Amino acid sequence: MSRTSDLNRKNETAAKTDAGSLETFDVAVVGAGFSGLYMLHKARRMGLAAVAFETGDDVGGTWYWNRYPGARCDVESLFYSYSFDRKLAEDWDWTERYAAQPEILEYARHVCERYGLRPFIRFNSKISSVDFIDTDDVWRLETTSGEVVLAQFVVMATGPLSVPKKPHFKGEERFRGEMYHTGLWPHHDVSFDGKRVAVIGSGASGIQAATAVSPVAGSLHVFQRGAHYSIPAWNRPLTDADRTVFRENFEDLMAKRRQSFMGIILDTNPATFRKGCNLSTEDRHAQLESRWNHGGLLFNMAFSDTTLNAETNFEIAEFVRNKIRLIVRDPETADTLCSMHFPIGTKRTCVDTGYYEIYNRPNVHLVDTRKTPVREFTDDGLVAGDREHAFDVVIVATGFDAMTGALLAAGITGRDGRKLADEWKDGASTYLGLAMSGFPNLFTITGPGSPSVFTNMFASFELHVEWIADCIGYMRRRNHRRIEADRHAQDNWTSGVTELIEDTLYPQADSWWIGANVAGKPRRFLAFTAGHKDYSDICRNVMDNGYTGFNLN
């Protein structure tokens, strides 16, 4: 019998219980996106009884739900992939530099089948409560359909961008046309051919949807509340030569990814990564031009003081605005697209495939909702300012309740009846973004307080999954039943995450990184900004020193 088959048999046997009792697992994973799949795979390879719960009817997480037109990753596909198995990389061919949603979803399905994970995932199973039973050191998980299981460890692999923010518009129930949210896109085809289309929102999803819809719509109105900085991806098909170079250097490239600042490999020598304020105007411009022509998120890495020095930041921002003015022929439209009200890099910079160019099309119109806000919906469209617009389709691209939304929605109650919602009423607080005081044996992959969305998510969640697996293995070898973050360590960590941005430009932006996009959400910066490498070194030191900052029993 193969090792994989033997582990399958052990996991199936371990999950069975006596008649009348609840199923009991070593590990319950909530979510079957990329991080959940890897956590499930790691647990099973350790011989643990493991199960995953997934709200949808397939794997893929955010790439299952966000299937709106134009949905595409902003990290290059060769590095937006797993690093733990070289054979997986050899057997999968990415087709584009920046992969689109259908290909990324297919990659998730491929991984699920390759490692035999589907039998251990319970689909259409939304978790409604997660309660710690103090007397037994076990978690009780219940789904909305009433299924109940027990698990010693719970791993929340729910993702930082998985709860769509759905604003309520006055009169929206009256609208007789089609209305879709980018984060909850239907699984059937949606036609825009010749239709009057509105996109509400101009962040990443709005930019992508508008770019994709503009060539086929009869008319397209983009309702922009605040302009975002967007950098061209310069997307292209990958060649056999691209893939060969990647595979031949796989271990070295993935090691560099783990040691990098963003989980993304810099395309220039680190020795050239200097403060913009120390360079001449000509050198700064040359560096920015080079980054623009390369494309993607690394544009913000042109200088080490991008989010530290207001003058450097302004010059970078003005460079982007000048590019927009060169691309967009109508001066008024260009000015509206250039009206950024925050320093560049203090909100997630967008990556596009020809967004600004769509405004040179006669069927595309930009509406500045700062001047003419959306007042209400009507039977046939909506009213913005004093003008009524008629639409056949409205795309709502208003983002997510980021970082905390999915965790709070799970109804988590920890030790001594502590509710996570109460613990976080003044803002999310964790230790390392991995665990919380009062919630033993519960881990959060890429949780608040970790680098998370400040990095390539694959680099971040692989680090977390491997750290959690090592921790569980450590506990089992030493017969520990419970691990819990120390309150003092948690408070220090949360304060430290906040202190990292105090002398930066980040506080000048009302970003979803601080929860500003959700009414009533506590304002607290939710990501560790000192970089992936420094964070991974901290996590390694915690582990190597017997899990400092944690209490083990």
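## Reading rings, strands and a buried valine

Guide: Let's start with the rings: Phe34, Tyr38, Trp63, Tyr80, Tyr82, Phe84, Trp92, Trp94, Tyr107, Tyr115, Phe458 and Phe461 form one aromatic cluster. Keep in mind that this is a predicted model.

Visitor: How many aromatic pairs does the structure hold?

Guide: There are 49 of them. To read one, you look at two things: a pair of aromatic rings is described by the distance of the centres and the angle of the planes. Take Tyr38 and Phe84, which make a stacked pair, with 4.5 Å centre to centre and 15° between the planes.

Visitor: Where in the chain do Tyr38 and Phe84 sit?

Guide: In distant parts of it: Tyr38 belongs to helix α2 (residues 34–45), while Phe84 lies in the loop between α3 (62–65) and α4 (86–91), 46 residues apart.

Visitor: Is Tyr38 buried or exposed?

Guide: Tyr38 has a relative accessible area of 2%, so we call it buried. Its partner Phe84 comes out at 27%, which means it is partly exposed.

Visitor: Okay, and what does a tilted pair look like here?

Guide: Try Tyr82 and Tyr107: their ring centres are 6.0 Å apart and the planes make an angle of 40°. This pair also links distant parts of the chain, with Tyr82 in the loop between α3 and α4 and Tyr107 in helix α5 (residues 101–114), 25 residues apart. Tyr82 is buried, at a relative accessible area of 1%, and Tyr107 counts as buried too, at 2%.

Visitor: Which rings have a charged end sitting over them?

Guide: Tyr64 is one of them: the charged end of Arg67 sits over its ring, 5.2 Å from the centre. Another is Phe342, where the charged end of Lys347 is 4.6 Å from the ring centre.

Visitor: On to strands. How do I read a sheet?

Guide: The general idea is that strands of a sheet pair through backbone hydrogen bonds, either parallel or antiparallel. One case here is an open sheet of 3 strands, in the order β13-β14-β15, with antiparallel pairing. The edge strands are β13 (374–377) and β15 (387–390), each pairing on one side only. On average, neighbouring strands of this sheet are turned by 25° against each other, ignoring direction.

Visitor: How many bridges join β13 to β14?

Guide: You'll find 3, with β14 covering residues 381–384 and running antiparallel to β13. To see one for yourself, go to Val374, whose bridge partner in β14 is Ala384.

Visitor: Can we go through a single residue, say Val213? What is it in contact with, leaving aside neighbours within four places in sequence?

Guide: Pro69, Phe192, Val197 and Ile395. Val213 itself is found in helix α6 (residues 204–213). Its relative accessibility is 1%, so Val213 counts as buried. You can also check C-alpha atoms: those of Val213 and Ile358 are separated by 9.7 Å, although the two residues are 145 apart along the chain.

Visitor: Now zoom out. What does the whole chain come to in secondary structure?

Guide: 16 helices and 20 strands. The radius of gyration is 24 Å, close to the 24 Å that the globule rule gives for 553 residues, so the chain is as compact as a globular protein of that length. Its C-alpha trace spans about 70 × 60 × 50 Å along the principal axes.

Visitor: How much of the chain counts as buried?

Guide: That would be 57% of the 553 residues. As for contacts with a separation of 6 or more, residues 24 or more positions apart account for 73% of them.

Methods. Residues are numbered from 1 along each chain as its sequence is written. This is a predicted model: local features need pLDDT of at least 70, side-chain atom pairs count only at pLDDT 80 or more; totals for chains, interfaces and linings use all residues. Side-chain values use heavy atoms; hydrogens and water are left out. Two strands pair if DSSP finds at least two bridges between them. Helices (H or I, at least four residues) and strands (E, at least two) are DSSP runs, numbered from the N terminus. Axes are lines fitted to C-alpha atoms, for helices over the stretch in contact, and angles run from 0 to 180 degrees between N-to-C directions. Rings of Phe, Tyr and Trp (its six-membered ring) pair if their centres lie within 6.5 Å; planes under 30 degrees apart count as stacked, over 60 as edge-to-face and the rest as tilted. Buried means under 20% relative accessible area, exposed over 50%, partly exposed in between (1.4 Å probe, protein chains only). A charge sits over a ring if NZ of Lys or CZ of Arg is within 6 Å of the ring centre and within 35 degrees of the ring normal. The radius of gyration is taken over C-alpha atoms; the globule rule is 2.2 Å times the number of residues to the power 0.38. Contact means heavy atoms within 4.5 Å.
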